[in-house]
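Biologist: I am new to this structure and would like to be taken through it step by step. Could we go from the overall picture down to individual side chains?

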Amino acid sequence: MSTDRDPAGRGTGERGYEARASGSGTGAGAPPAPATGVRPDPDTGVPPAARTGARSGARSGARSGAPAGTPGPGPASRADRRAPSDGGLGALAGLLGGHRHHRPVPGGSTTAHELAVRHRLLLALSALLTLSLFVSYEGVHGDADPLRTSSAPAVLSIDTALYALGEAERDAGAATPTSDFQKQISVAAQSLAAAAGDNVGGPSGRQALQTVAALITVYAVKVQQAQLQPDGSALRQAYLSYATSILTDEGSGILARLKVLQTQQRAAVHRQTSFGPLLWLCWAVTLVIALALAGCLLETQLFLRRRFRRRYNRGLLAAGALLAAGLAVTLLFTVWTHQGMTDTRRLLDRRLTGPAITDAGRETAAHLAHTGFRASAAGGILIGGVLVMALAETGLRRHIDEYRFRPR
């Protein structure tokens, strides 16, 4: 059998190989054989040397830093488009702006924020309570001292003058001048001088008192002139009639002028001793703020105990004790002062005569005793408020600084 006619149709001679190499045989389309004469792989059509070069090129590329399997300039295959082996967490981390190799921030807890919130709340409530308590306290005690030193004595002085002038009018009809008349006139004049010293009604009140004092002098002179005249004479009656008109005239008489001043002073007493709706509102707001501050101190104490495992915070406990003691003292002083002022108003509202005026003076002094000292305690409210704020600051500052300067 000739070698040119291989049964498989595949020439083994030189011509058959050349025909396959030139593409004219059944192996057309396969890559040309290398010059070394090595046959290509019948399965892939790629010479073994080419596969060896591809593997070596891939290994050299990996050594040079190029990622393995980097797609070429052509379109990516389905294998190249598959999800990465980490399930896409790397891409998600990139979208969120983070990196997987970063560790959590040590100060990322809410303790620092919660401490700052409680710190600001305690300071704000302490300041508000100090201001509200000062205003409410002054609303009651600010009028106690003027009532004790001015308004109440002025009312008693006018009552004394009215009583003395009434007694003088009764003695004015005596046949001869009497010492009782002169005595009552002196008492009335001294009482009006005392009322003027108490600044009754301001400048207009003092002017009215000066007018009354001048009229009292005229009244006393006319009565004395009448008493020097014979009993039953017309001149005597004329002097007495003129003196009586000076004393009792409805529009411009001494008694009418004094009663107007008395009404004004009693109105001032009512104004100074009243506990109106605005003052009630101030005290209600003060108590609400005090309860809020006490609750905040307690909650902060419990928070520090739970978070830092410390049973007590000395600064917060001292602030709470000062708050309770200061509020109790101011409330007690306010109740005592207001009760004394109320009793004084009831005492001065009625008409006083004779020995009742002296008794009323003693009772008024007893009711309004120590009001000056209690009124001066208003300055202690400001000092106490500053101390509460300082104690709250001291109790929290150490923990705030610990979180503020913690290394990150």
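Modeller: What follows is a set of questions and answers on a predicted model.

Biologist: How many helices and how many strands does the chain have?

Modeller: Read along the sequence, the pattern is α-α-α-α-α-α-α-α-α-α-α-α-α-α. Buried residues make up 31% of the 408 residues in the chain, and among contacts between residues at least 6 apart in sequence, 74% join residues at least 24 apart. The count asked for is 14 helices and zero strands.

Biologist: Which helix gives the largest share of the largest nonpolar core?

Modeller: This core has 29 residues, and the members that touch the most others are Leu-115, Leu-122, Leu-293, Leu-297 and Leu-304. The elements that give two or more residues to the core are helix H4 (111–141), helix H10 (277–308), helix H11 (314–349) and helix H14 (378–404). With 10 residues, the largest share comes from H10.

Biologist: How many residues are in the other core, the one that lies apart from it?

Modeller: Among the members of this other core are Ala-154, Val-212, Ala-243 and Leu-258. Val-212 is one of the buried residues of H7, and Ala-243 is one of the buried residues of H8. The size of this other core is 27 residues.

Biologist: Over what arc around the axis are the buried residues of H8 spread?

Modeller: H8 has 15 residues and reaches 21 Å from its first C-alpha to its last, close to the 21 Å expected at 1.5 Å a residue. Its buried residues are Arg-236, Leu-240, Ala-243, Ile-246 and Leu-247. They are on the same side of H8, because the arc that they cover is only 120 degrees.

Biologist: Is Ser-241, in helix H8, buried or partly exposed?

Modeller: Ser-241 lies in helix H8, which runs over residues 234–248, and its C-alpha is 9.3 Å from that of Ala-226, a residue 15 places away in sequence. Buried would require a relative accessible area under 20%. The relative accessible area of Ser-241 is 48%, so Ser-241 is partly exposed.

Biologist: Which helices are included in what covers the buried residues of H7?

Modeller: H7 has 27 residues and reaches 40 Å from its first C-alpha to its last, close to the 39 Å expected at 1.5 Å a residue. Its buried residues include Gly-202, Leu-209, Ile-216, Tyr-219 and Ala-226. For H8, the cover of the buried residues includes helix H5 (144–171), helix H7 (202–228) and helix H9 (254–273). For H7, the cover includes H5, helix H6 (179–197), H8 and H9.

Biologist: Which residues does Thr-130 touch, not counting those up to four places away in sequence?

Modeller: Thr-130 is found in helix H4. At 14% relative accessibility, Thr-130 counts as buried. Leaving out residues up to four places away in sequence, the residues that Thr-130 touches are Ile-381, Leu-382 and Gly-385.

Biologist: The structure holds four aromatic pairs; why is the pair of Phe-333 and Trp-336 called tilted?

Modeller: Phe-333 and Trp-336 are three residues apart in helix H11, so about one helical turn separates them. Phe-333 is buried, with a relative accessible area of 15%, whereas Trp-336 is partly exposed at 42%. Their ring centres are 6.1 Å apart, and the pair is tilted because the planes stand at 35 degrees.

Biologist: Which parts does the pair of Phe-333 and Phe-373 tie together?

Modeller: Phe-333 and Phe-373 form an edge-to-face pair, 6.1 Å centre to centre and with 65 degrees between the planes. Phe-373 is exposed, with a relative accessible area of 56%, and Phe-333, Trp-336 and Phe-373 form one aromatic cluster. Because Phe-333 and Phe-373 lie in different helices, the pair ties together parts that are 40 residues apart in sequence, namely helix H11 and helix H13 (residues 371–376).

Biologist: Over the ring of which residue does the charged end of Arg-118 sit?

Modeller: The charged end of Arg-118 is 4.0 Å from the centre of a ring. A charge counts as sitting over a ring if it is within 6 Å of the centre and within 35 degrees of the ring normal. The ring over which Arg-118 sits is that of Phe-303.

Technical notes. Residues are numbered from 1 along each chain as its sequence is written. This is a predicted model: local features need pLDDT of at least 70, side-chain atom pairs count only at pLDDT 80 or more; totals for chains, interfaces and linings use all residues. Side-chain values use heavy atoms; hydrogens and water are left out. Helices (H or I, at least four residues) and strands (E, at least two) are DSSP runs, numbered from the N terminus. Buried means under 20% relative accessible area, exposed over 50%, partly exposed in between (1.4 Å probe, protein chains only). A nonpolar core is a set of buried Ala, Val, Leu, Ile, Met, Phe, Trp, Tyr and Cys residues joined through side-chain atoms within 4.5 Å. Rings of Phe, Tyr and Trp (its six-membered ring) pair if their centres lie within 6.5 Å; planes under 30 degrees apart count as stacked, over 60 as edge-to-face and the rest as tilted. The expected span of a helix is 1.5 Å times one less than its number of residues. The arc is that of the directions from the helix axis to the C-beta atoms. Contact means heavy atoms within 4.5 Å.
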